[in-house]
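Work through the exercises below with the model open beside you. Try each task before reading its solution.

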Amino acid sequence: MSGSGDHRDEVRTHTALHVLKGAVVRVLGEGAMWTASTYVEGKHGRLVVQFDRKPSEEELKAIEELANSRVAEDLRVEVLRMPREEAERVYGEVVYDLFKVPDEVRELHIVVIRDRDGSLWNVNACNKQHLPSTGPVGRIRLGKARFRHAKKLLELPFDVEP
Ligand SMILES: [Zn+2]
């Protein structure tokens, strides 16, 4: 049986996905901007992005450090409901993942995390539940990254602690 504690963990882990994605794009560049899939179970998560190579250990370390710096800054997590056309006009294609939201969905929940300087850290159409700010995520620890050459997919497993 799963209690409310488990649900709280999953909200933390899911919010961590948004923070981590921002760090991935900062370190690896626009080539890593498309999310292929995400997975959350308890305090364990996995972000899978399209990319063309396996990152170096230094890059992975930089991603982890950058993500944790944005957790430490306790950035606000905003959720904006807006018509799909407006979201596309304001933010562009970046709101989507690799696999698009079905055409019949006309209104999107846009999750926006802004950096301290007001620039966008991460923006994504997402209808899951999120923490109101990044601080309670805790610490993000990256696991062993895996690059699937044939599919050009980079898998980044992680855990949130404590
Ligand atoms: Zn989300």
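The exercises go from the core to the strands and then to single residues.

This is a predicted model: local features need pLDDT of at least 70, side-chain atom pairs count only at pLDDT 80 or more, and totals for chains, interfaces and linings use all residues. Residues are numbered from 1 along each chain as its sequence is written.

**Exercise 1. The core**

Find which residues touch the most other members of the largest nonpolar core, and which element gives the most to this core.

Step 1. Fix the terms. A nonpolar core is a set of buried Ala, Val, Leu, Ile, Met, Phe, Trp, Tyr and Cys residues joined through C-beta atoms within 7 Å. A residue is buried if 20 or more other C-beta atoms lie within 10 Å of its own, exposed if 12 or fewer, and partly exposed in between, with C-beta atoms placed from the backbone. Helices (H or I, at least four residues) and strands (E, at least two) are DSSP runs, numbered from the N terminus.

Step 2. Look at the members. The largest core has 34 residues, and Ala16, Val19, Leu20, Val24 and Ile140 touch the most other members.

Step 3. Turn to the elements. Two or more residues come from each of α1 (4–28), β2 (44–50), α2 (57–72), β4 (107–114), β5 (120–125) and β8 (153–161). Helix α1 gives the most, with eight residues.

Step 4. Take one member. Beyond its neighbours within four places in sequence, Leu20 is in contact (C-beta atoms, placed from the backbone, within 7 Å) with Leu47, Ala67, Ile140, Leu156 and Phe158.

**Exercise 2. The partners of β8**

State which strands pair with β8, and over how many bridges.

Step 1. Two strands pair if DSSP finds at least two bridges between them.

Step 2. Start with β2. Seven bridges join β2 to β8, and the two run antiparallel. Gly45 has Phe158 as its bridge partner in β8.

Step 3. Go on to β6 (residues 139–142). It pairs with β8 over four bridges, in the antiparallel sense. Here Arg139 is matched with Glu161 of β8.

Step 4. End with β7 (residues 146–148). Its antiparallel pairing with β8 has three bridges. One bridge partner in β8 is Leu153, which belongs with Arg148.

Step 5. Check the faces. Leu154, Leu156, Phe158 and Val160 make up the covered face of β8. Leu153, Glu155, Pro157, Asp159 and Glu161 make up the uncovered one.

**Exercise 3. The open sheet**

Explain why β3 and β5 each have one side without a neighbour in the sheet.

Step 1. Write the order. The open sheet of three strands runs β3-β4-β5, with antiparallel pairing.

Step 2. Find the edges. β3 (77–83) and β5 stand there, each with a single partner strand, so one side of each has no neighbour in the sheet.

Step 3. Add a detail. Five bridges join β4 to β5, and Ala125 in β5 is the bridge partner of Ile110.

**Exercise 4. Single residues**

Decide whether Glu85, Asp74 and Lys152 are exposed or partly exposed.

Step 1. Glu85 is in helix α3 (residues 84–91). It has 10 C-beta neighbours inside 10 Å, so Glu85 counts as exposed.

Step 2. Asp74 is in the loop between α2 and β3. With 14 other C-beta atoms within 10 Å, Asp74 is partly exposed. Its phi is positive, near 50°.

Step 3. Lys152 lies in the loop between β7 and β8. Lys152 is partly exposed, with 14 other C-beta atoms within 10 Å. Its phi is positive, about 55°, although Lys152 is not a glycine.

Definitions and conventions:
Two residues are in contact if their C-beta atoms, placed from the backbone, lie within 7 Å.
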